[in-house]
Amino acid sequence: MPSPIAPPSPWQRLRQFTPARIALGRAGHSQPTEALLAFGLAHAQARDAVHRPLDRAALEQSLRNERFACVAASSAAPDRLHYLRRPDLGRRLDDRSRDALSAAWDGAPCDVVFVVADGLSALAVQRHAVPVLCAVREPLPDWRLAPVVIAEQARVALGDEIGALWHARQVVMLIGERPGLSSPDSLGLYLTYEPRIGRTDAERNCVSNVRPEGLSYQRAADRLVFLLRGALALGCSGVRLKDDTPDPNTALP
């Protein structure tokens, strides 16, 4: 049997343990064709994730199937092009959504409002938001939860205005994060205590890379519940609120 033209690299077997781009090999001074095509595919998938629209109807149905009440809202960005070019518009509600949310508030303050937002990856929200919400709701049976807000063309700070309108003690944004070349569907959870317009990123806590290949739904939910309770006890979120949840991968002394 003739020997292969390009024998496999001895480093190739390590690639099964990580999505990182290792052991790519080379062809002269360039990358092999296979690695170059794989890079192009990953880049295209990341771009598609940024521009892919949120299927709001399907997300609403999934939430209702899990017995979540939900309402829809949009930022002041009228379309995806404005959203990408004008981040400031994604941080404020449009007039129609502001009026609708004000009318939907029943007058009673809530403990937390969850906002499911497309962000920079609607794919992440479509895949992961509902399982995370289900896992978070279970350990908070006595908390008063507002209806879930499905927000389109949204940035993280949009939750501040939503939480302020409903007099929520805390707001959590479940938002699609900027896609990477190995993670076009990464979900981020952003917690803000006493939300109001003008809050800064230093006043938030973030649980990042929520997806089956990253931080699992259950571990993300455990961290978020820990932070929600910690913010309530401390009276603030952000840099003063530390995530001291134990790492299950760390052996006890």
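**The annotated site, its pocket and the surrounding elements**

Val156 is found in the loop that runs between β3 (148-152) and α6 (158-165); helices (H or I, at least four residues) and strands (E, at least two) are DSSP runs, numbered from the N terminus. The structure described here is a predicted model, in which local features need pLDDT of at least 70 and side-chain atom pairs count only at pLDDT 80 or more, while totals for chains, interfaces and linings use all residues. Residues are numbered from 1 along each chain as its sequence is written, and side-chain values use heavy atoms, with hydrogens and water left out.

Val156 is a good place to start, since the UniProt record (an unreviewed entry) lists the feature "binding site" at Val156, Glu177 and Cys206. UniProt positions follow the numbering used here, feature names are shortened, and annotations may be inferred rather than shown by experiment. Although these residues are spread over 51 residues of sequence, they cluster in space, with a largest C-alpha distance of 11.2 Å. Leaving aside residues up to four places away in sequence, Val156 touches Met173, Ile175, Tyr190 and Arg204, where contact means heavy atoms within 4.5 Å.

Val156 and Glu177 are also included in the lining of the largest pocket. On a 1 Å grid over the protein atoms alone, a pocket is an open set of points where a 1.4 Å probe fits, with protein on both sides within 12 Å along at least five of seven lines, and lining residues have an atom within 4 Å of a point. This pocket has a volume of about 330 Å³; grid points are joined across faces, edges and corners, and the volume is the space filled by probe spheres set on the points. Its lining comprises 16 residues, and those nearest its centre are Leu120, Arg155, Val156, Ile175 and Tyr190. By class, eight lining residues are nonpolar, two polar and six charged (Ala, Val, Leu, Ile, Met, Phe, Trp, Tyr, Cys and Pro count as nonpolar, Asp, Glu, Lys and Arg as charged, and the others, Gly among them, as polar).

Cys206, another of the annotated positions, sits in strand β6 (residues 204-210). With 41% relative accessibility, Cys206 is partly exposed; buried means under 20% relative accessible area, exposed over 50%, and partly exposed in between (1.4 Å probe, protein chains only). Apart from residues up to four places away in sequence, Cys206 touches Leu189 and Tyr190. The sulfur of Cys206 has its closest cysteine sulfur in Cys236, and because 17 Å separates them, they are too far apart for a bond. Cys236 itself is buried, at 12% relative accessibility. Across the whole structure, a search finds zero disulfides, a disulfide being a pair of cysteine sulfur atoms within 2.5 Å.

The helix that follows the Val156 loop, α6, is largely enclosed by the rest of the structure, because six of its eight residues are buried. These are Leu158, Gly159, Asp160, Glu161, Ile162 and Gly163. They pack against α4 (95-104), β2 (112-117), β3, β4 (170-176), β5 (187-193) and β6.

Backbone angles add some detail on either side of α6. In the loop between β3 and α6 lies Gln153, which has a positive phi of about 55 degrees although it is not a glycine; Gln153 is buried, at 16% relative accessibility. Just after α6, His167 takes a positive phi of about 50 degrees. Elsewhere, Arg67, in the loop between α2 (56-65) and β1 (70-74), has a positive phi of about 65 degrees without being a glycine. Arg67 is exposed, with a relative accessible area of 67%.
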